[in-house]
Amino acid sequence: MPDQAFKTVLYTHVTPEIVRVRMNRPEARNAQDLQLTRDLNDAFDAANQDDNVKVIILSGEGPHFSSGHDMRGGTGAVFADFRPVGTWANFDAPGAEGAMAREEEIYLQMCRRWRNIPKPMIAEVQGKTIAGGLMLAWVCDIIIAADDAEFRDLVVSWGIPGVEYFAHPWEMGHRKARQFLYTGDWLSAKDAYRVGMVNEIVPAAELSQFTEDMARKIAEKPLFGLKMTKEAINQTLDAQGQWNAMQTVFVMHTLAHTHWREVNHGRGLYTAEGAAPVPGGGARKPE
Ligand code: ZN
């Protein structure tokens, strides 16, 4: 597939074997609305179906990798604009039914789908990565962080046990995951490296070059060898119970999310003002 621009994603070849998928909503700090999620899915599919491509790099335009899910409606896309990639439906149903279907489709199933793309994917992360943004980095095989990178998941403030794709204990170990979630504190690039969540830390100015050099080295390997190795690691995680645990936690997530709406008189995290109150003070800026 030639270089091209989706509505919110740029698709460019670094070499014939390496594709860079770049989120391109810097004005919204690459917040994920429906359009961006679908564009990512289409771009990953394009790279995956291009038999010349061996490695996919995921990056974000601007100072930050991703501010998470768009809480202001984003580009205005709605569910009816797209054919679902998963098996859930009735996205506009009231109550927990529609909410669960929506989050199954665009968060849990979409992330699972991307995690299972058989070609190696490298996340290139700079600045802030918040909540839903973590899921984008985590579905990749390798995470390269700029030295200014930092990570945060603050949804426990709304009574919700972490973002929809609950990889926290796998990504940072259960001790650090508890601290990360209970406090909502930032995890620095250095600490993310220490707990094994990121593979390398490099100076911000050298981030893209470093990532592309690693992608070139990976691309020297036969594609089938890379696919089998990726599958071996994914199967090992699944044999350890990763996917079963995620599905179970997703149900808790839906319960807690629905509870939040109920006790807040039907208001979701996504308010008309684009900001939700954080228990214990302040209003949360949309991220
Ligand atoms: Zn949710």
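Leaving aside neighbours within four places in sequence, lysine 119 is in contact with Ala47, Asn48, Asp50, Asp51, Val53, Lys54, Asp141, Leu223, Lys227 and Lys230. The structure is a predicted model, and in it this lysine belongs to the loop between H2 and E5. The points below begin with that residue and then take up the zinc site, the two sheets, the helices and the backbone angles.

**Lysine 119**

- With a relative accessible area of 1%, lysine 119 falls under the 20% limit and therefore counts as buried.
- Asparagine 48, one of the residues in contact with lysine 119, is 71 residues away from it along the chain, yet the two C-alpha atoms are separated by 6.9 Å.
- Two further contacts of lysine 119, Leu223 and Lys230, are also among the buried residues of H7.

**Zinc site**

- The zinc ion is coordinated at 2.1 to 2.4 Å by Glu103, which is listed twice through OE, by Glu164 through OE, by His253 through NE2 and by His257 through ND1.
- Along the sequence, the donor residues of the zinc ion follow the spacing E-x60-E-x88-H-x3-H.
- Because glutamate 103 lies in helix H2 (residues 95-115) and histidine 257 in helix H8 (residues 242-263), this pair ties together parts that are 154 residues apart in sequence.
- Glutamate 103 is buried at 8% relative accessibility, and histidine 257 is likewise buried, with a relative accessible area of 3%.

**Seven-stranded sheet**

- One open sheet has seven strands in the order E1-E2-E3-E4-E5-E7-E10, and its pairing is mixed.
- Strand E1 (4-5) and strand E10 (200-202) stand at the edges with a single partner strand each, so one side of each has no neighbour in the sheet.
- Within this sheet, strand E4 (residues 55-60) and strand E5 (residues 121-125) run parallel and are joined by three bridges, with leucine 58 standing opposite alanine 123 in E5.
- Helix H6 (residues 207-219) lies across strand E2 (9-15), strand E3 (18-23), E4, E5, strand E7 (142-146) and E10, and it runs at about 160° to E7.

**Three-stranded sheet**

- A second open sheet, also with mixed pairing, has three strands in the order E6-E8-E9.
- Its edge strands are strand E6 (128-130) and strand E9 (187-188), each of which pairs on one side only.
- Strand E8 (residues 150-152) and E9 run antiparallel and are joined by two bridges, and phenylalanine 151 stands opposite leucine 187 in E9.

**Helix H7**

- The 17 residues of helix H7 (residues 223-239) should span 24 Å at 1.5 Å a residue, and this agrees with its end C-alpha atoms, which are 24 Å apart.
- The buried residues of H7 are Leu223, Leu226, Lys230 and Asn234; seen down the helix axis, they fall within an arc of 65°, so they line one face of H7.
- These buried residues of H7 pack against H2, E5 and H6, whereas the face turned away from the buried side carries the exposed residues Phe224 and Ala239.
- Just after H7, glycine 241 takes a positive phi of about 100°.

**Helix H8**

- For the 22 residues of H8, the span expected at 1.5 Å a residue is 32 Å, and the end C-alpha atoms are 31 Å apart, which agrees.
- The buried residues of H8 include Gln242, Trp243, Met246, Val249, Phe250, Thr254, Trp260 and Arg261.
- His253 and His257, both of which coordinate the zinc ion, are also among the buried residues of H8.

**Positive phi outside glycine**

- Most residues other than glycine have a negative phi.
- Arginine 29 has a positive phi of about 55° although it is not a glycine; its place is in the loop between E3 and helix H1 (34-49), where arginine 29 is partly exposed with a relative accessible area of 37%.
- Asparagine 90, again not a glycine, has a positive phi of about 60°; it lies in the loop between E4 and H2 and is partly exposed, with a relative accessible area of 47%.

Key:
Residues are numbered from 1 along each chain as its sequence is written. This is a predicted model: local features need pLDDT of at least 70, side-chain atom pairs count only at pLDDT 80 or more; totals for chains, interfaces and linings use all residues. Side-chain values use heavy atoms; hydrogens and water are left out. Two strands pair if DSSP finds at least two bridges between them. Helices (H or I, at least four residues) and strands (E, at least two) are DSSP runs, numbered from the N terminus. Donors are N, O and S atoms within 2.8 Å of the metal (3.2 Å for Na, K and Ca); water is not among the atoms, so sites may look incomplete. Buried means under 20% relative accessible area, exposed over 50%, partly exposed in between (1.4 Å probe, protein chains only). Contact means heavy atoms within 4.5 Å. Axes are lines fitted to C-alpha atoms, for helices over the stretch in contact, and angles run from 0 to 180 degrees between N-to-C directions. The expected span of a helix is 1.5 Å times one less than its number of residues. The arc is that of the directions from the helix axis to the C-beta atoms.
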